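Trainee: I've got this model open and I'd like a close look at one helix and whatever packs around it. Could you walk me through it?

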Amino acid sequence: RDLVQYHTLAIPGSTAMVLKDPLNPIRRQYLQKFAQQEGRIFLYRFYDKYQGLTPEEAWQLVLSQTRLTPLRLGVLLRSIEPEKDVQAIIASLQQTFPNIKVSPEQAGRLFSQTDPRVLSLVDRGYVARIHPLELWTVTFLRQHPNASKSELAKAGEQELVGVYAWLFKTHRKAAQDSRIRLILEQEAFMEIHKAWKRVGYPFATLVPSLATAIGSSADRPAALTELMGILVNEGRKNPTVTIRQLHFAEGTPFETLVAHQEPDQEQVLNPLVAQILRQELIEVVEHGTAIGAKGALPPAEGTTISIGGKTGTGDHRQKVYDRGFRLIQSRPIARTATFVFLIDNRFFGTITAQVSGPQSGDFSFTSSLPVRIFRLFAPHLHAYVMPHSFKAEIAKPLQPRS
């Protein structure tokens, strides 16, 4: 939070000053950016909800989401099927409300009152008790069933202006400020990411959330491994090399050797900072959450082997709350557990356990699982970790393995 506030408030000329001046013209730019971002979220959500349904299936899904009255039914009909005439309105009313008699005059008034040229999209959504962008998405997909998400978003740009028109009114300053702060916070995380990249942060993006402070941000195994390599190499970033050389036709006139040319190392992190972080990682194994890896590589007499690491467990769920912020649904998406490790100043890696999909809700493993896997795997590493054993090992001729 301190870093975010620094980048939004403390930097000279910060655009966060727009929060103090309600007449600042930059406010409108931020509000337009917010409307586009949030509006697209709703459009994409409704696209996933209705895409692939037949017109009748989409219509029945819409009807199931609101307590129908003659007025609401009229609004829905004229919004989703604007080509319908008065007779179609009467037929639908008689089918839905068989106990209510509607005269032609009443049907005519209802037809006029619900005319899309009279009621705005926002008003129609309010009357029908359905999000206005959902009404518009259903109508658009009815007319363009094969449209993509990008086509939907492009076609809905003008509708977003109307749906969020209330937000641009000057007496809505409190509502405007809360939304401008969201955009400012996103910009702050962009600046934080630039600063972190300068000191070796290996990820291409940074999630704009305070959960980033505990590692919940784009923690891909390969990137975590790269970060461990930077710490092992005293803050220097070395390229990842899979094949060092290719040797063809040895002992013939066509002998060819293709060797990898080592590029210059890049110092991305202060060596002192790298040393401190390595020591903290060793403490995690000695006394912290990765203590299960302690002693996994027993040293030979007169030598020491330092093991450091960091654990992490992720229980990824889609949660739905009601208006009182009471949890009403929790759907499992994935469960992950990771142990990222280093051994002395030579070896490093990542072990990740993952279950994806709804079945992940049946699992309760934590980061102790990859730590245990590391311990089981450690004896196979021992010959390479011990310097004298490693030299003897690489001196042996390669043997074919099945």
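Mentor: Sure, let's start with helix 7, residues 121-128, whose buried residues are Leu121, Arg124, Gly125 and Ala128. Looking down the axis of helix 7, you'd find these buried residues within an arc of 100°, so they line one face of the helix. The arc is taken from the directions that run from the helix axis to the C-beta atoms. Here's the general idea: an α-helix has 3.6 residues a turn, so residues three or four places apart point the same way.

Before we go on, some ground rules: this is a predicted model, where local features need pLDDT of at least 70 and side-chain atom pairs count only at pLDDT 80 or more, while totals for chains, interfaces and linings use all residues. Residues are numbered from 1 along each chain as its sequence is written, and side-chain values use heavy atoms, with hydrogens and water left out. "Buried" is under 20% relative accessible area, "exposed" is over 50%, and partly exposed is in between (1.4 Å probe, protein chains only). Helices are DSSP runs of H or I with at least four residues, strands are runs of E with at least two, and both are numbered from the N terminus.

So what sits over that buried face? The cover on the buried residues of helix 7 includes helix 4, helix 8 (132-143) and helix 10 (157-163). Just past the end of helix 7, Arg129 has a positive phi of about 60°.

Now follow helix 4 (70-80) across, since it also helps cover the buried residues of helix 5, along with helix 6 (104-113). In helix 5 (residues 86-96), the buried ones are Ile89, Ile90, Ser92 and Leu93. They span an arc of only 165° around the axis, which puts them on the same side of helix 5. Turn to the face pointing away from that buried side and you'll meet exposed Gln87 and Gln95. Gln87 shows up again at the N-terminal end, where Asp85 caps helix 5: a side-chain oxygen of Asp85 lies 3.3 Å from the backbone nitrogen of Gln87.

Finally, zoom out to the largest nonpolar core. A nonpolar core is a set of buried Ala, Val, Leu, Ile, Met, Phe, Trp, Tyr and Cys residues joined through side-chain atoms within 4.5 Å. This one has 45 residues, and those touching the most other members include Leu73, Leu76 and Leu133. Helix 2 (residues 26-50) gives the most to this core, with 9 residues.

Notes
Contact means heavy atoms within 4.5 Å. A polar contact is a pair of N or O atoms within 3.5 Å; within protein, one must be able to donate a hydrogen and the other to accept it, and residues adjacent in sequence count only if both atoms are side-chain atoms.
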